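Subject: Structure handover, salt bridges

Hi,

Here's the structure I said I'd pass along. Have a look at it first, and my notes are underneath.

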Amino acid sequence: TKYVLKKEENFQWIILSIQSTSALSLFMWQKVSYRLGKKTTYFLGTSLFIVVLWFIFFVKSTYPLYIIIIICAWAGIGIAIGFLIPWSMLPDVIELDELKNGGRREGLFYALFVLLQKIGVALALTFSTYILGALGYVPPKNESVTQPYNVLLALRLIVGIVPSILLLLSFLFLFFYPLTKETVNKIRCQIEKKKNASYDTKIVDSDDE
């Protein structure tokens, strides 16, 4: 907002548009996920987000504020997918692991999930800072700092194009994701049958004693 859009004084409104639409659209995506499934919902929401990321890359500082807020609100709708779908898929993976290994390991899975998120954020910050520095980023010692063209282009790429490419790559992994709503229901039924069989066996053993 400061160097590319030159609208630092409206930063709070831009952030508010992203966060508010992201929070509100969680309820919408939850209903869509219930009807269409998590994979389809992820494809839809992420595709929407990829489109807006390309808009963000081409947005100009001459655009009026309301256009930028509309684009950011659109982005918030797509961002909500990242908060909802991956976390809602994790319990399904835990159910599958329980069926295969006979025990629940929620702590391990959630810890690994959070750890990978933190590693991803750390790597993103490290690489983006290094790239901007290598391209001649000028630290803002005063309000009149002007960044070189290469830095402005890199900022657009880091915010728009690079995330869209990574999201497209995520489609490849999701394509091979085997857990659908029907599959998860079958897994839960099999787990329940195993628990009931184990419980019946314990009752029989106690009667024999």
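Below is what turned up when I went through the charged side chains.

One thing to keep in mind: this is a predicted model. The salt-bridge count comes to seven.

Let's start with K38 and D92. These two form a salt bridge, with 2.7 Å between the closest N and O atoms. K38 sits in helix α2 (residues 38-58) and D92 in helix α3 (residues 65-101), so this pair ties together parts that are 54 residues apart in sequence. As for surroundings, D92 is buried, at 5% relative accessibility. K38 comes out at 24%, so it counts as partly exposed, given that buried means under 20%.

Next up is R104, which has two acidic partners worth a look. Its side chain meets that of E95 in a salt bridge at 3.5 Å, N to O. It also meets the side chain of E106 in a salt bridge, here at 2.5 Å, N to O. R104 itself is partly exposed, with a relative accessible area of 39%. E106 is partly exposed as well, at 29% relative accessibility, whereas E95 is buried at 14%.

So which residues are linked in a network of salt bridges? The members are K38, D92, E95, E98, R104, E106 and R188. That puts the K38 and D92 pair in one network with R104, E95 and E106.

If you open it in your viewer, K38 with D92 and R104 with E106 are the pairs I'd pull up to begin with.

Cheers

Conventions. Residues are numbered from 1 along each chain as its sequence is written. This is a predicted model: local features need pLDDT of at least 70, side-chain atom pairs count only at pLDDT 80 or more; totals for chains, interfaces and linings use all residues. Side-chain values use heavy atoms; hydrogens and water are left out. A salt bridge is a side-chain nitrogen of Lys or Arg within 4 Å of a carboxyl oxygen of Asp or Glu. Helices (H or I, at least four residues) and strands (E, at least two) are DSSP runs, numbered from the N terminus. Buried means under 20% relative accessible area, exposed over 50%, partly exposed in between (1.4 Å probe, protein chains only).
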